[in-house]
Amino acid sequence: MPVSVVWFKRDLRVSDNQALSEASKGPHPIICLFNLEPERIERNDVSEIHIQWELDCARELGKSLDELGAKLLFNFGNVVEKLSEIHDKYEISSIFSHEETGLNWSWERDKSVTKWCKGCGITFTEFPTNGIIRGLRSRDNWKGKRDSRVSSELINRPIIIKSPEGLESDTIPDAEDIGIPPRALVDRPSSGEKAAILVLFSFLDERGRKYRSGISSPISAQQACSRLSPYISVGCISIRQILYYTRRKQRKVKINPRSSENRGWTSSLSSFQSRLAWHCHFIQRLEFESTMDEVAINPELDEYLQRVHDKDRYQAWAKGQTGWPFFDACMRSLTATGWINFRMRAMLQSVASYTLWLPWQETGMHLARLFLDYEPGIHWSQVHMQSGVTGINSVRAYSIKKQSEDQDPEGDFIRKWVEELSLVPTEFIHEPWLMDTEQQKQYGCLIGTDYPSPIVDEKSSRKEGVSKSYSAKSKPEVRKRSRLVYEIHGSRKRRN
């Protein structure tokens, strides 16, 4: 008897899953497949924490599918070869999946599946993901389409799924089982769809009350941010689900917004929904430009900038050994936990590109490997923006001293992550090199010995980087390209 296949990619959930829902309505037994490509784990933007997270979330998916009567097959290899194996044994009638907006490798993989299906006479149906519009010709009508998509009704999980007789679920391996050395993260979140829902509810029940005021500091952001990004990145939860429950909370707050129970929620929920819209906006860029990890969307501008790889600067930046306490604390925290808040992510990339004048491709790859919630569409859009290679965004060159004093005024975050400075008083914590030698000895931190001296003069180097960027941005051919970039990628909320 023919079968249908549900191919899970970055949609590791059973609720609000259109591919699974549509397959369950058909007449054929269903085989669920999760495939991990060896090509992917060899990529420069992928690290062991990404693979282990996906495998852990896939394991939770398998448990949920078992509850529905479905079975999850796992394959580490070429997906077409696995589909061919299933086809030879069962005869595949249809394959259901979600569209994936990714870099070139995933586009090529999906095209190979499409070609194979056509050759075998198999129907291959891909459903949209979140607010990304495939085949969009202009950004002018994107927002309306996106808003309609993510505001539509949630898709219920199937009640029961019929699997082929005798089929058993595969064991989902650990990363170590397929030759990937493990790397533990500090306070890594629990994996899977059920954990994602619990995190969402903890945010909407209380943590999100201080979202607007608390997202800028790496200290308060740990609680004030939704912390849903790792789950969104592998599809344990959809943007539509998040918006549904956020708007439900919003309706409750509107009944009596000034009550002690609801105070502070109105502005925070509004800001949160705005960030969800930007999430889709940036991934839509990758839908147009699948080479954003290699080529700037304004290549003329990037060519004029002529950034140069400096090994010493890169190593100091990547390891959190720049001699700038707050910057080093942020990089070390990210390395240890796999997460840091958005403003600090922007600062990490900005410092690399403007202050240290390093090529964005290499620094962007390093950050990609560190983020547990690595989402190519968002990450590479932000790398381009914070490196000044779009031509349509403002030059954002972050002052480390300002961020340090604004976001960690007492130096608590610095002392936690830069242990060399744990005894330094607040007076000197942001610029410990201002202490004289006796003070450095007193507080157990000789600059240049126990903790590095600043790698460059931060203020003058940043200003030089900004000056070079404005000069390049003003070139006629760059301005011409910038107009084209805006037509394709620019937000339509306002005209640049």
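Contact between two helices means that heavy atoms lie within 4.5 Å. This report applies that term to a predicted model, and it then turns to the spaces enclosed by the protein.

**Helix pairs**

In the pair formed by H14 and H15, Trp317, Ala318 and Lys319 of H14 meet Phe327, Met331 and Arg332 of H15. By class, the residues of this contact comprise four nonpolar, no polar and two charged. Helix H14 covers residues 311–319, and its axis comes within 7 Å of the axis of H15, with a crossing at roughly 70°. Because angles of 65 to 115 degrees count as roughly perpendicular, H14 is roughly perpendicular to H15.

A second pair is made by helix H16 (residues 342–355) and helix H17 (residues 360–370), whose axes come within 10 Å and cross at roughly 155°. Angles over 145 degrees count as roughly antiparallel, and therefore H16 is roughly antiparallel to H17. The crossing of these two helices, H16 and H17, is right-handed. On the H16 side, the residues in contact are Leu348, Gln349, Ala352 and Ser353, and they meet Trp360, Thr363, Gly364 and Leu367 of H17. The residues of this contact divide into four nonpolar, four polar and no charged.

**Cavities**

How many cavities of 30 Å³ or more does a search of the whole structure find? The search finds three. The largest of them has a volume of about 290 Å³. It is lined by 26 residues, and those closest to its centre are Arg10, Arg40, Glu54, Glu100 and Trp105. Two strands and two helices each give two or more residues to the lining of the largest cavity: strand E1 (3–8), strand E2 (30–36), helix H3 (48–68) and helix H5 (104–120).

The second largest cavity holds about 230 Å³ of space. Among its 21 lining residues, Arg10, Glu99, Thr129, Asn130 and Glu375 lie nearest the centre. The elements that give two or more residues to this lining are H10 and helix H12 (265–288). Of the elements, H12 gives the most, with three residues. Arg10 is thus named among the residues closest to the centre of the largest cavity and also among those nearest the centre of the second largest cavity.

**A pocket**

The second largest pocket has a volume of about 480 Å³. Its lining is made up of 21 residues, and Val186, Asp187, Gln222, Arg227 and Trp339 lie nearest its centre. Four helices each supply at least two residues of this lining, namely H9 (221–224), H10 (229–233), H15 (325–337) and H20 (412–417). The largest share, three residues, comes from H20. Two of these helices have appeared above: H10 also lines the second largest cavity, and H15 also meets H14.

**The linings by class**

The table sets out the residue classes in the three linings.

| Space | Nonpolar | Polar | Charged |
|---|---|---|---|
| Largest cavity | 12 residues | five residues | nine residues |
| Second largest cavity | four residues | eight residues | nine residues |
| Second largest pocket | 11 residues | five residues | five residues |

In the lining of the second largest pocket, 11 residues are nonpolar, whereas the lining of the second largest cavity has four nonpolar residues. The lining of the largest cavity has 12 nonpolar residues and nine charged ones.

Technical notes
Residues numbered from 1 in each chain as written. Predicted model: local features only at pLDDT ≥ 70, side-chain atom pairs only at ≥ 80, totals over all residues. Heavy atoms only, no water. 1 Å grid on protein atoms, 1.4 Å probe; cavity = no way out; pocket = protein on both sides within 12 Å on 5 of 7 lines; lining within 4 Å. Points joined across faces, edges and corners; volume = space filled by probe spheres on them. Nonpolar A, V, L, I, M, F, W, Y, C, P; charged D, E, K, R; others polar. Axes fitted to C-alpha atoms, helices over the stretch in contact; angles between N-to-C directions. Parallel < 35°, antiparallel > 145°, perpendicular 65-115°, else oblique. Left-handed = near helix turned anticlockwise from the far one by under 90°.
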